[in-house]
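Biologist: Could you walk me through the charged pairs in this one? I'd like to hear the reasoning behind each label.

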Amino acid sequence: MSNRAVPFRHLLRMTDHIGLLEHAEGIVPRHEHGYCVDDVARGLVVVCREPSPAQELITLGRRYLHFLAQAQAPDGKVHNRLGYDRRWHDRPGTEDCWGRCLWGLGTAAAQGPTAGIREESLTGFDRCAQVSSPWPHAMAFGALGAAEILQKWPDHAGALTLLDGAATAIGAPPADPQWPWPEPRLSYANAAIAEALIVAGDKLGRDQVLHDGLRMLGWLLTVETRNGHLSVVPTGGWSLGEPRPAFDQQPIEVAALADACMRAATVTGDSSWLGGVEMAVAWFLGDNDTRIPLLDDRTGGGCDGLGRTSRSRNQGAESTLAMISVMQLGLRLAPAP
């Protein structure tokens, strides 16, 4: 497994004194497109996953946490889009940004690098956990934050309620072995849906829910593997009978697979799941359908998508964070020097 250092320099380039800018033209941040909670929350996750973060990363973590606090309404709902004019361009809600906010805050509450970050994050998590969402993806992201909380506070009522709600919102998968998925079409960050069931089944002691999540993840990993490498669904999603490989493939899909496979290995003790993590690292390093790396060694960024013959030249926040999170997992698999 690759033991190369995780590159943070493009993430630093994309972060200003307000937060993490969403898009880039090449490697140049596009200020006119502003910021979004989706990316800032993912940024907080990767900072808090870093085993011994440098001071500049701790500063990023504080900045991201402050951004998320500003995005929260008193009732726990969350804004997503902040313009470069520092005005929110939407109403607070419980869409994906709410779930990712919970994921970031839960991770920071349990693993944050300073006591202040941990305490403030727990307060923010409790505020968001007052509400729930009808959307399975949003509930799945929230469940990932709840799982972090329960690692440290096993009886946390808000986190337990979130996991129960996520299992209900996602539902049981069909028995059909050809399509054991609770939705008629694969969309984005699909493995987060399976991972949410895995953590809900594990933390709530529901063996059938855990089994459902593992069955879904095993099927998804098989569907998204081709000739020994990952060949993930394209940006428009995928259903049975549609051609593969398909493009543009998104780094967020690979990162979700890596996280879910690491979770499955941890929960079950079955190290065969780590093969999914290894393939995710390899995908970013060029073992993919196009044979082009999505990690740009020159810039430290992650490219926005994989096309049939090339990679996107743009290196936005979502893709860079997906690459960082996968490379962090790769380091955990690397043998000690």
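Modeller: Let's take the salt bridges one by one, bearing in mind that this is a predicted model.

Biologist: Why is the pair E25 and R30 called a salt bridge?

Modeller: The closest N and O atoms of E25 and R30 are 3.6 Å apart. The cut-off is within 4 Å, so the pair counts.

Biologist: And what makes E25 partly exposed?

Modeller: E25 has 38% relative accessibility. Partly exposed lies between the 20% and 50% limits, so that's the label it gets. R30, at 27%, is partly exposed too.

Biologist: Which residues are linked with E25 in a network of salt bridges?

Modeller: R30, E32 and R313 are linked with E25 in that network.

Biologist: How do you know that D39 is buried?

Modeller: D39 has a relative accessible area of 2%. Buried means under 20%, so D39 fits. Its salt-bridge partner R42 is buried as well, at 11%. Their closest N and O atoms are 2.6 Å apart, and both residues sit in helix α2, 3 residues apart, which is about one turn of the helix.

Biologist: What makes D289 and R226 a pair that ties together parts of the chain?

Modeller: Their side chains meet in a salt bridge at 2.7 Å, N to O. D289 is in the loop between α11 and β7 while R226 is in strand β5, so the pair joins parts that are 63 residues apart in sequence. D289 counts as buried at 17%, whereas R226 is partly exposed at 33%.

Biologist: How many salt bridges does a search of the whole structure find?

Modeller: It finds 15.

Notes. Residues are numbered from 1 along each chain as its sequence is written. This is a predicted model: local features need pLDDT of at least 70, side-chain atom pairs count only at pLDDT 80 or more; totals for chains, interfaces and linings use all residues. Side-chain values use heavy atoms; hydrogens and water are left out. Buried means under 20% relative accessible area, exposed over 50%, partly exposed in between (1.4 Å probe, protein chains only). Helices (H or I, at least four residues) and strands (E, at least two) are DSSP runs, numbered from the N terminus.
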